Amino acid sequence: MNIRGREHNKWIDESFFLIARSHFFKRDYTLAILTFEYIIRQYDTPRSAESKVWIAKCHHAQGRVEPALRMLEMAESDYKDGLMTTEGAALFRKTRADHYIRKGDYGAAAPHLEAAVQYVKNREEEARLTFILAQLYLHSGNYAMAQQTYARVLDMRPGYDMAFQARIGMAMAFDPDVGGGSNIRRELMSMLSDDRNKAYLDQIYYALAQLAMRQQQEKEAIGFYLESVQHSEGNELQKGLSFLRLGEIYFEHPDYLRASLYYDSATTYLPSAYDHYHEISQRHRVLSGLARNARVIEHEDSLQRLAAMPLAQQEALAREIIGAIREQDRLAEEEAREMRRAMAEAGRSARQTRGMGGQEGGWYFYNVNAVNQGKAEFFSRYGDRPLEDLWRISNRRMLAVGFEDGDEAWDDEAGQAQEAGDIYDINTYLRNIPNTEEQFKASNRRLVDAYYNMAIIFKDQLGNAENALSSFEALTSRFPGSERELYVYYYMYFLYRETGQPSRAEAVKNALVSGYPDSDFARILGDPDYAGNFRERQQQASRMYEESYHAFLSGRYEVIERHLQALDTMEVSREDRARFAYLHALSVGRSNDGERFARQLKEVVSMYEGTPVYGPATILLASLEAQPAVVADATDAGSFEDEDADEGSGTTKLTDSPFEYDPSKAHFFVLLVGADNTNPRQLRDEVTEYNRESHPEVQLSASSIFFEEGRQLITITNFDNKGNGMVYYQQITESAFFNRVSDGVIASFIISVDNYPAFYQDKLLESYQTFFRHYYLEP
């Protein structure tokens with residue numbers, strides 16, 4: 001009813017507003033924005049002002065932060081001019097708060113949400129918004145306001161769950177300057193005895209632990225964290241948080257070995273989407289490396305102590321160990337037998353109840369008896385399983401860790417030998433004891449390497465100069481003249497200077513110069529212009545790497561060896577040193593010396609966890625140890641294996657490509673996925689499950705590693721040549737599984753073991769896709 005430019009039907013703008021919001025809730029944001037924009041152009045009513053807020057909500061839903069902010073700034077002038085209804089004003093304030101929450105600026109969000117509460121008349125909505133406001137104060141570190149706001153929530157008499165969480169929140173927000181800790185503690189302790197809270201005991205103990213930490217009562221906090229873990233049933237996030245806090249406590253002590261155990265558990269239970277998970281995982285890897293070397297030292301020292309005992313005493317000790325293992329096995333068998341009995345009983349009970357017609361009418365999940373029977377029958381068939389994906393895979397955690405978490409794969413040789421033997425055979429234990437001079441030398445070499453690796457981890461990855469010096473000092477005092485001594489003296493010189501011990505620095509410098517007068521290290525320490533030449537040395541290292549890389553591509557591997565030795569005399573970053581070591585390992589691999597190649601890769605994996613080369617080095621090392629897969633498909637495999645036996649059989653050579661075509665080499669299958677719209681770890685597990693179901697005849701391994709910001713690689717290893725790799729490529733990319741997950745896949749291809757390092761290190765995605773299409777896809 002638009003007559004002479006004026007709308008006479010007062011419900012028209014309301015109707016369009018309703019249509020626009022329906023598009024929003026259908027997640028058709030483009031059509032919603034178009035309709036809201038039409039309202040803004042056509043009508044001068046409160047709905048026009050509120051449409052701007054809804055457009056901002058559409059942009060938020062699409063992750064478009066800047067357009068949302070611009071629209072909110074336009075809506076703010078309408079808000080200040082009073083052009084919005086009470087409902088619209090409340091929506092504006094809530095949307096503005098949501099904007100800052102999405103940016104992680106909780107302090108800026110709080111005032112807007114506080115203003116939004118003033119417009120709300122519904123008591124339940126008021127309590128909900130006030131509870132969120134308290135969380136904002138807590139996350140922004142304003143503990144006093146968080147406590148006051150949680151108290152406001154309790155005054156509103158909310159439902160039981162919200163009241164419970166508000167009391168937990170008050171403990172989390174305890175501020176020693178405000179006080180009241182004894183009252184909060186008393187209330188939490190009383191909550192422990194309430195039967196309604198049995199399912200939430202882990203949260204209560206965690207809140208008590210957080211309260212104790214704020215009160216500087218660390219020992220008591222540790223006890224509460226352990227209680228939280230003990231009482232956590234099904235809440236893996238809470239269990240992971242408790243383990244994480246324990247790890248943080250021992251890391252600060254510092255008790256790195258104990259911290260390593262708790263960080264290991266934290267990374268097991270925390271989801272990969274958890275805030276700062278990457279940093280937590282990185283620290284876990286560092287601590288795992290430290291713990292691994294500490295175990296080597298403990299293991300070798302124990303074996304050397306045993307070697308000093310008479311043979312009869314050694315045998316007696318081995319028998320004690322075997323007896324303890326037998327007792328553990330007996331108890332485990334009893335537990336398993338009891339589990340089987342309980343499962344059988346539960347199954348009989350469920351079947352009897354069902355046979356007596358115990359089910360009531362109505363939908364299954366509304367029928368309590370039916371649900372309980374189903375649970376009992378499930379238990380009788382599968383046992384007590386956690387509520388999680390892929391629960392049928394008994395060793396799912398082993399599959400899920402992939403290569404990047406598989407630290408145990410590179411354990412010390414003695415440990416591997418013991419695992420390989422019969423645990424009930426006394427010789428399994430006796431043969432690891434060093435009894436000959438050669439065995440003692442090998443044991444000492446492992447000790448020297450472990451002390452050295454620990455010191456490097458303390459120095460480079462943990463920044464703990466004191467512990468690094470302790471490890472270096474133990475090495476030099478126990479093993480004078482070792483092959484690591486020159487490097488140890490050099491590092492100790494700078495560490496002593498860093499920690500304000502000039503006399504010790506001078507002493508170790510003199511020891512280095514007198515013991516190794518012709519070394520480059522001696523010449524560097526004698527250089528009076530050392531500080532002035534530091535930058536030049538850094539630039540020289542960069543030039544050396546560039547030269548080494550070009551030498552690698554042209555096959556002049558002796559250049560890399562020479563530059564790697566010269567690098568030891570320079571102060572370069574750990575990442576740069578890792579790149580050199582990895583490139584050197586790859587050059588060794590080109591020499592067809594597989595055993596030496598594996599040793600070099602193991603050294604890279606052991607020394608340079610947390611650097612960009614760690615992931616590809618781990619994958620290459622695993623591929624060396626894995627048996628190449630032959631995918632069973634006679635028709636396809638034949639066509640692929642006979643095709644392109646060499647570059648001259650109908651395939652034109654691609655010029656100016658950094659990659660080399662060799663169809664006879666082992667190949668990997670690679671998925672490049674976006675980490676923003678898919679969960680790489682979950683997808684890796686799904687690929688593993690696909691391989692188990694579709695290719696049970698071969699052993700395929702899946703791993704996920706960081707590629708670049710927002711992207712990860714999922715790598716399947718390994719196929720013995722291009723033919724088998726392409727059979728797998730066709731089968732998986734044409735499968736229903738791939739069609740289901742393809743939205744998160746950016747690229748998929750196979751790549752040879754020789755081309756993988758250059759692709760990963762230099763991020764040559766477009767270049768390799770051109771190479772892949774030319775040699776693998778084009779007829």
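**Aromatic contacts, a buried serine and model confidence**

A search of the whole structure, which is a predicted model, finds 49 aromatic pairs. Aromatic rings also take part in contacts with charged side chains. The ring of Y545 has the charged end of R579 over it, at 3.9 Å from the ring centre. In a second case, the charged end of K722 is placed over the ring of Y776, with a distance of 5.2 Å to the centre.

Another tyrosine appears in the surroundings of S482. This serine is located in the loop that connects α22 with α23 (485-498). Its relative accessible area is 13%, and S482 is therefore classed as buried, the cut-off being under 20%. When residues up to four places away in sequence are left out, S482 touches V448, L475 and Y516.

Confidence varies along the chain. The mean pLDDT of the protein is 80, and 82% of the residues reach at least 70. Helix α22 (residues 465-478), which precedes the loop holding S482, has the highest confidence, with a mean of 94. The lowest value belongs to helix α18 (residues 396-400), where the mean is 27. Over residues 388-420 the pLDDT is below 50, although the model gives this stretch 68 contacts beyond near neighbours in sequence. Residues 358-365 likewise remain under 50 in pLDDT, and for them the model has 14 contacts beyond four places in sequence. Where pLDDT is low, predicted coordinates should not be interpreted in detail.

Notes: Residues are numbered from 1 along each chain as its sequence is written. Side-chain values use heavy atoms; hydrogens and water are left out. pLDDT is the predictor's confidence in each residue, from 0 to 100. Helices (H or I, at least four residues) and strands (E, at least two) are DSSP runs, numbered from the N terminus. Contact means heavy atoms within 4.5 Å. Rings of Phe, Tyr and Trp (its six-membered ring) pair if their centres lie within 6.5 Å; planes under 30 degrees apart count as stacked, over 60 as edge-to-face and the rest as tilted. A charge sits over a ring if NZ of Lys or CZ of Arg is within 6 Å of the ring centre and within 35 degrees of the ring normal. Buried means under 20% relative accessible area, exposed over 50%, partly exposed in between (1.4 Å probe, protein chains only).
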